[in-house]
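User: I am new to this structure and would like to know how its labels are earned. Could you take me through the reasoning?

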Amino acid sequence: MDPMSENSSKSLTAEINLEKLQKIAAELILPGRFLLRPLNAVLEFISSLLAWILGCSLVRRHLHLLLSGLVLFGPLLSFWVSKYSIFANGNHYLYRKFLRSTWGWTFVLTGSFVVLLSFSACRSISITLRHLSRMALSGVLWWGCRRLVTLLEDAAGACYEPLAPVQDGQSSSIPAQPLLLLHEDQTKASCLKANMTWRGYEVSQETLILCLCCLLIVEELSVFGRHLEHEKRLHRPPSAPLRVLFLLCVVLLFIWMVLLLCMLAYFPAWPSQQLGGALGYLGWRGLYQGWYRLAPSHWSPGLPGDGLFSGADSDKHSN
């Protein structure tokens, strides 16, 4: 057989197989498109509705009042909740996977949303990094608050070792009170690690970070509605990954609110939880209502949305 004819037959067979694969792929993609269309419509509707709710000035300006009322009066729910509920277990899945890494979840999801929204709006790496720096500054604030609270707790508390009381034959019928041996130069962490008793003033770090993250997430997500309007004017529909990331951040906000309510209702600790909520509010107030509103000459990264949209929208948002 001629080698030339053999090569031509092989190439023809390869072209036929390629055409078959293309037809099969088109047949598989066609029903997938019909399935994705309603899902994409639902995604657009839900994300647009939530963007309008979170972008409303009533929500942004009064969320701290809602959290304040929750922190102040949430412990009263302990009189009605059941002690046998799954949320009364400190080793519940939500507490282990979310509460102990609250800032990590917030930084990853909200930070990813800030990066994707900023870059898709302006296509500038410098502006994107400037907006991402707000998350980094919030992380520094959280680290500083933890260190400050730890130092104050160590300074205001003391470590005691429970000792078994010596039983006297004459007073054997009277239950003796356990003795406490004071251990000086002990921190709270080392005291609890040694299975001893710590007594002193405390500040709930869980309440602090939950309140701070709730306020932070709402501030960062509030500009998504303006981003949708901006993209609509440019006849450029927002990408589906950005909408999905926005919904994930909303779900995370809901989880933090539920965890905060569960902590207050099932594990009430007055006034440490109220002090933690107050510190979280002051941190948000100092950053988003104070420093971020200053001019760039004060090393301020700016508010969410600054430099991403038109000047009219920025002025409207700042007011």
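User: How many disulfides does a search of the whole structure find?

Analyst: Happy to help! This is a predicted model, and searching the whole of it turns up one disulfide. Its partners are Cys 159 and Cys 191.

User: What makes Cys 159 and Cys 191 a disulfide?

Analyst: Their sulfur atoms lie 2.2 Å apart. The cut-off is 2.5 Å, so the pair of Cys 159 and Cys 191 qualifies. In general, a disulfide is a covalent bond between the sulfur atoms of two cysteines. This link is right-handed, with 80 degrees about the S-S bond. It connects distant parts of the chain: Cys 159 sits in strand S1 (residues 158-163) and Cys 191 in helix H6 (residues 188-193), 32 residues apart. Both cysteines are buried.

User: Why is Cys 211 not in a disulfide?

Analyst: The closest cysteine sulfur to that of Cys 211 belongs to Cys 214, and the distance is 6.7 Å. A disulfide needs sulfur atoms within 2.5 Å, so Cys 211 and Cys 214 are too far apart for a bond.

User: Why are Cys 211 and Cys 262 called buried?

Analyst: Buried means under 20% relative accessible area. Cys 211 has 3%, so the label fits. Cys 262 has 8%, so Cys 262 counts as buried too.

User: And His 227, is that residue buried or exposed, and how do you know?

Analyst: His 227 has a relative accessible area of 1%. Set against the 20% limit, that makes His 227 buried. You will find His 227 in helix H8 (residues 224-233). Leaving out residues up to four places away in sequence, His 227 touches Leu 117, Ser 120, Ala 121, Pro 238, Leu 242 and Phe 309.

User: Why is Leu 76 called partly exposed?

Analyst: Partly exposed covers the range between the 20% limit for buried and the 50% limit for exposed. Leu 76 has 44%, so Leu 76 falls in that range. Leu 76 lies in the loop between helix H2 (57-73) and helix H3 (93-97). Ser 85 is also placed in the loop between H2 and H3, and with 22% Ser 85 is likewise partly exposed, because the value is over the 20% limit. Ser 85 and Tyr 266 are 181 residues apart in sequence, yet their C-alpha atoms are 9.1 Å apart in space.

User: What makes Leu 76 eligible for a nonpolar surface patch?

Analyst: A patch takes residues with over 30% relative accessible area. Leu 76 has 44%, so Leu 76 passes that test. The patch also includes Leu 72, Phe 73, Leu 77, Phe 79, Trp 80, Leu 261 and Trp 270, and together the patch has about 980 Å² of accessible area.

User: Which residues have the most contacts inside the largest nonpolar core?

Analyst: They are Phe 113, Leu 117, Leu 221, Phe 224, Phe 246, Trp 256 and Leu 259, in a core of 56 residues. Helix H9 (residues 240-266) contributes the most to this core, with 15 residues. Setting aside neighbours within four places in sequence, Leu 259 is in contact with Leu 94, Tyr 95, Phe 98, Leu 99 and Leu 210.

User: How many helices and strands does the protein chain have, and what share of its residues is buried?

Analyst: The protein chain has eleven helices and three strands. Of its 319 residues, 35% count as buried. Among contacts between residues at least 6 apart in sequence, 79% join residues at least 24 apart.

Definitions and conventions. Residues are numbered from 1 along each chain as its sequence is written. This is a predicted model: local features need pLDDT of at least 70, side-chain atom pairs count only at pLDDT 80 or more; totals for chains, interfaces and linings use all residues. Side-chain values use heavy atoms; hydrogens and water are left out. Patches are made of residues with over 30% relative accessible area and no salt bridge: like charges are joined within 9 Å, nonpolar side chains (Val, Leu, Ile, Met, Phe, Trp, Tyr) within 5 Å. Accessible areas come from the Shrake-Rupley method with a 1.4 Å probe; for residues, only the protein chains shown count as cover. A salt bridge is a side-chain nitrogen of Lys or Arg within 4 Å of a carboxyl oxygen of Asp or Glu. Helices (H or I, at least four residues) and strands (E, at least two) are DSSP runs, numbered from the N terminus. Buried means under 20% relative accessible area, exposed over 50%, partly exposed in between (1.4 Å probe, protein chains only). A nonpolar core is a set of buried Ala, Val, Leu, Ile, Met, Phe, Trp, Tyr and Cys residues joined through side-chain atoms within 4.5 Å. Contact means heavy atoms within 4.5 Å.
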